[in-house]
Amino acid sequence: MRDYFRPNIASLAGYAPGEQPRDPRVLKLNTNENPYPPSPKVLEAIRRCATDRLRFYPDPLATEFRRAAAQLFDIDEDGIIATNGSDDALTILARGCLDADDALVAPTPSYPLYEVLAKIQGCRFELRPFLPDGSLPRNLVDEARLTIVPNPNSPTGTFVPPSDLLAQAERSKGLVVSDEAYVDFAPSSSLPLLSRCERLVVTRSFSKSYSLAGIRFGFLAASPEIARTLVKVKDSYNVDQVSIAAATAALGDQDYFLEAIRKVKATRARLERELTDLGFDVTPSHANFVWVRRRQPLLPLQQALKERGILVRYLSYPQSGEGLRISIGQDADIDRLLTEIKSLS
Ligand SMILES: *Cc1c(COP(=O)(O)O)cnc(C)c1O
């Protein structure tokens, strides 16, 4: 192709999202969506948005949401930036921090989007392997302007204590981001530590724990000073009226939310037990998926399940090998999955 594009973009492979089939009979256990519907209060809030007011631009700062989140999480409202999914928060960080001569550092195996964000900025991308027990590599942070750690991690579901991330941020020259897309399924968050170190940043998603992958909403939380700079690189109206109302209502219905989380965790424990009994090596998960491995190749199993209408995610990493990442469904979904796996082995 002619050189219309920056060389780093022309050569970029691009992020490959998990498959999103249109056939509703397909059981989707491949992209970690919540198996339970959003709170009825969210649906009401969305209906209330269907008025003449849609002709106005949304509140660029999502004040209503920020106030509710600051109160619920007991953090500084001025440090919160509402984002179009947490991927938007990660994009804002990459755009705000990374020049061509900088580096983005991430542990591996982890979320493949980080590499894409680094390449779009045209900067170096450096991977540091997790230790075998899932703890952070000792040499994680250095001169890099940006280090991102998913916590809990995907695809492994492992979790590091927030105090370890704080310790990394204290040693770092750049920002250290705890990507907490799955933290509601884990023991604790880094949000209470934000006031301890201005280099610590947290990103959150409403796609998984709040059952709102379809509306795209997340947020970034940092010290107010860091947020004041980052807000300059976001799109002016990066979140719309409907998603601000939906996310605010979702936060407001904690009883419903906590019950869905409880059910997912109970099913997760059962799936871990049953897959272990079937001979898989199952990493204990702190997220809404499990990561399973075994000696025999896993791609044929993923494909056979797909032929039977069940999608799970096959992932392979140069340094740590392959596995299947299976999202937690409702109990009946997991029964269907286990029946098929048993009939295939
Ligand atoms: C799903 C996921 C995200 C992105 O979530 P959205 O809010 O849907 O953009 C970010 N990080 C990790 C590790 C994820 O798995």
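**Rings, burial and helix 9**

A search of the whole structure, a predicted model, turns up 12 aromatic pairs.

Me: Why is the pair Tyr 15 and Tyr 111 called edge-to-face?
Reply: The ring centres are 5.8 Å apart, and a pair needs centres within 6.5 Å. The planes of Tyr 15 and Tyr 111 sit at 70 degrees; over 60 counts as edge-to-face, so that's the label this pair gets.

Me: What makes this a link between distant parts of the chain?
Reply: Tyr 15 is in the loop between helix 1 (7-10) and strand 1 (27-29), while Tyr 111 is in the loop between strand 3 (103-108) and helix 5 (113-121). That puts the two 96 residues apart.

Me: Why is Tyr 111 called buried?
Reply: Its relative accessible area is 19%, and buried means under 20%, so Tyr 111 makes the cut.

Me: And Tyr 15, why is that one called partly exposed?
Reply: Tyr 15 has a relative accessible area of 28%. Buried is under 20% and exposed is over 50%, so 28% lands in between.

Me: How do you know that Tyr 182 and Phe 289 form an edge-to-face pair?
Reply: Check distance, then angle. Centre to centre they are 4.9 Å apart, against a limit of 6.5 Å. The planes are 80 degrees apart, and over 60 is edge-to-face.

Me: What parts does that pair tie together?
Reply: Tyr 182 lies in the loop between strand 6 (175-179) and strand 7 (200-205), and Phe 289 is in strand 10. Those parts are 107 residues apart in sequence.

Me: Are Tyr 182 and Phe 289 buried or exposed?
Reply: Buried. Tyr 182 has 6% relative accessibility and Phe 289 has 0%, with the cut-off at under 20%.

Me: What makes Arg 325 lie over the face of Phe 289?
Reply: Arg 325 is at 5.6 Å from the ring centre, and the limit is within 6 Å, plus an angle within 35 degrees of the ring normal. Lys 263 likewise lies over the face of Tyr 36, at 4.2 Å from the ring centre.

Me: How does the span of helix 9 set against what's expected?
Reply: Helix 9 (residues 254-277) reaches 35 Å from its first C-alpha to its last. At 1.5 Å a residue you'd expect 34 Å, so the two are close.

Me: What covers the buried residues of helix 9?
Reply: The cover includes strand 10 (289-293) and helix 11 (331-344). Among the buried residues is Phe 257, which also belongs to an aromatic cluster including Phe 65 and Tyr 210.

Key
Residues numbered from 1 in each chain as written. Predicted model: local features only at pLDDT ≥ 70, side-chain atom pairs only at ≥ 80, totals over all residues. Heavy atoms only, no water. Helix = DSSP H or I, 4+ residues; strand = E, 2+ residues; numbered from the N terminus. Buried < 20%, exposed > 50% of the residue type's maximum accessible area, 1.4 Å probe, protein only. Contact = heavy atoms within 4.5 Å. Phe/Tyr/Trp six-rings, centres within 6.5 Å; stacked < 30°, edge-to-face > 60°.
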